[in-house]
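Me: Could you take me through this one closely, going from its layout into its interior and on to any unusual backbone spots? I'd like the cut-offs spelled out as you go.

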Amino acid sequence: MFFIDPHIHMVSRTTADYELLALSGVVAVSEPAFWAGFDRSPAGFVDYFRQLTEFEPARAAQFGIDHYCWICLNPKEAEDLGKAREVLAEISRFLDQPNVLGIGEIGLNKNTANEAKVFQQHVQMAIDAAHRQAAGASPAMPHALILIHTPHLQDKLKGTRLILEMLKDFGPAIDPGRVLIDHVEEHTIKLVKDAGYWAGMTIYPISKATPQRAVDMMEMYGPERLCVNAAADWGVSDPLNTHRTMHEARRRGHPLPVLLDVFYNNPARFFGQNPRFKPKPMQVAML
Amino acid sequence: MALTVTHPRLARETLDIYFLEVRARLLEIAATLDRIDRSARPEEVVADPRLAFVREALAVLQSAGPERARRIEELYSLK
C-alpha cells in the first residue's frame, strides 16, 4: 500500500522518521509552511523558505520520497502587519521553485482582524501568481493551489465560517476545487465539503481527530475530496497516524481500492492540479 | 469506487469491537474528575467553565443520536 502524506512538517522530524515513512509506503510528502514554535524575523522566514525548497527535498530524496511544499506567512505570525508585509514581499520568488505546490498553510489562528487581512492578501497573491506565471493569460487562468489551516479547539467553528465567507467574497476568481481546507472535524467538515472545497483531516493524539473519528467522518460525509494527514511537527504528534487511520478503515472492512483512493489517490488528484506534482492516481488490478 | 456511506459492520459487531475502549475512556473521565476533587482547593474550580462543558458533554452522551460528536464539538465552540 502506497501513501501520500498531504500535510506533514518534516523540518521538525528526524531523518529516522523519513526512513520510517519510506518503510511504511510513503512515496511523497507535502509540507506547508508553518509556525516554528516561536515568532521569526522576516529574514528568518527567507531562511525557512530556503530550507523547504532546497534542503528538505534533498533529505527526503535519500529515502526515495518526493518532497513538496507550500509557502506563506502562517496565521499565528500574521498579527504584526509590518512583518507580514515584509514576508509577503519575499514569497513570490519562492513560488517558482520546482517543489512548491502553492500558497499555504494560510488561514486564521485567533480569528483577529489582522489575521483576516493577511489571509485575504495571501489569497489575492494566489490569484495573481497564476497570472504572473502565464504572462498575458486570460482572467480565467486558474489561481495557484491554496492550502488552508483552520483554527484550534473552540476557535475552529467560527474561524472556518469566517474563512469560507472571505473566500466567497473573491467570487469566481476562486475555484473551490483548487483549495484544500485542513483540520476539519465533525462540526466543520460538512460546511467545507458542501461549499465544494477539498477537506483535510488531521490525526493527532489529543487535539483534532483520532483515527476512529476520522474514519467515522469518511463514512458519514463520503471519501470524495477528502484527505487524511498526520501533520506531524515539533509537538506531540505521530508521523504514522495516517497509517493508523488506514488500519482503522481496514479493520472495519473497507476494501483496498477505497483505502488507496483516500490515502493515495485523493492527494494525488488535488496536488496533481499543479503539474510539478509527479505521482499519479493508480488503481488496484486483481490478477 | 465510493466508500460505503454507512458503517460496513453490524451494530452488534461494532459494539463488540469498541465496548472495552468505551469502558476504558469512561473510567478515565471518572478518574480524572475524582482526581480534581482530591486535589487541593477544589472549590476554586467549581465554577470553571471547562467543568461545565464536561457536564454538558456528558448530557449529550446520554441523549439520543444522531451526531453526538458534532454536538459536543459545537458545545466547545466560541459563538
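Reply: Happy to. In chain B, the domain assignment (bounds from an automatic or database assignment) gives domain 1 at 7-44 and domain 2 at 47-79. The C-alpha centres of these two domains of chain B lie 15 Å apart. This is a predicted model, where local features need pLDDT of at least 70 and side-chain atom pairs pLDDT 80 or more, while totals for chains, interfaces and linings use all residues. Residues are numbered from 1 along each chain as written, chains are lettered from A and ligands numbered from 1 in written order, and side-chain values use heavy atoms, without hydrogens or water.

Chain B also has a cis peptide bond, between B:G65 and B:P66, with omega about 0°. B:P66 sits in the loop between helix 2 (49-62) and helix 3 (68-75) of chain B (DSSP runs: helices H or I, at least four residues; strands E, at least two; numbered from the N terminus).

Now the interior. The largest nonpolar core (buried Ala, Val, Leu, Ile, Met, Phe, Trp, Tyr and Cys joined through side-chain atoms within 4.5 Å) has 72 residues, and A:F49, A:I71, A:V123, A:I148, A:L167 and A:I174 have the most contacts inside it. Helix 4 of chain A (residues 113-133) gives this core its largest share, eight residues. Leaving aside residues up to four places away in sequence, A:V123 touches A:I106, A:I146, A:L167, A:F170 and A:I174 (heavy atoms within 4.5 Å). A second, separate core of 16 residues includes A:I4, A:A28, A:W70 and A:F271.

Helix 4 of chain A returns at the largest cavity (1 Å grid points over the protein atoms alone where a 1.4 Å probe fits but cannot get out; lining atoms within 4 Å of a point), supplying four residues, the largest share of its lining. Strand 4 (100-107) of chain A also supplies at least two. Among the lining residues are A:I106, A:G107, A:E115, A:V118, A:F119 and A:H122.

Strand 4 of chain A also holds A:E105, and the peptide bond from A:G104 to A:E105 is cis, with omega near -10°.

Two chain A residues other than glycine have a positive phi: A:L153, at about 45°, and A:K208, near 60°. A:L153 lies in the loop between strand 5 (145-149) and helix 5 (156-169), and A:K208 in the loop between strand 7 (198-202) and helix 7 (211-221). A:L153 is partly exposed because its relative accessibility is 45%, whereas A:K208, at 8%, counts as buried (buried under 20%, exposed over 50%, partly exposed in between; 1.4 Å probe, protein chains only).

How values were computed:
On a 1 Å grid over the protein atoms alone, a cavity is a set of points where a 1.4 Å probe fits but cannot get out, and a pocket is an open set with protein on both sides within 12 Å along at least five of seven lines; lining residues have an atom within 4 Å of a point.
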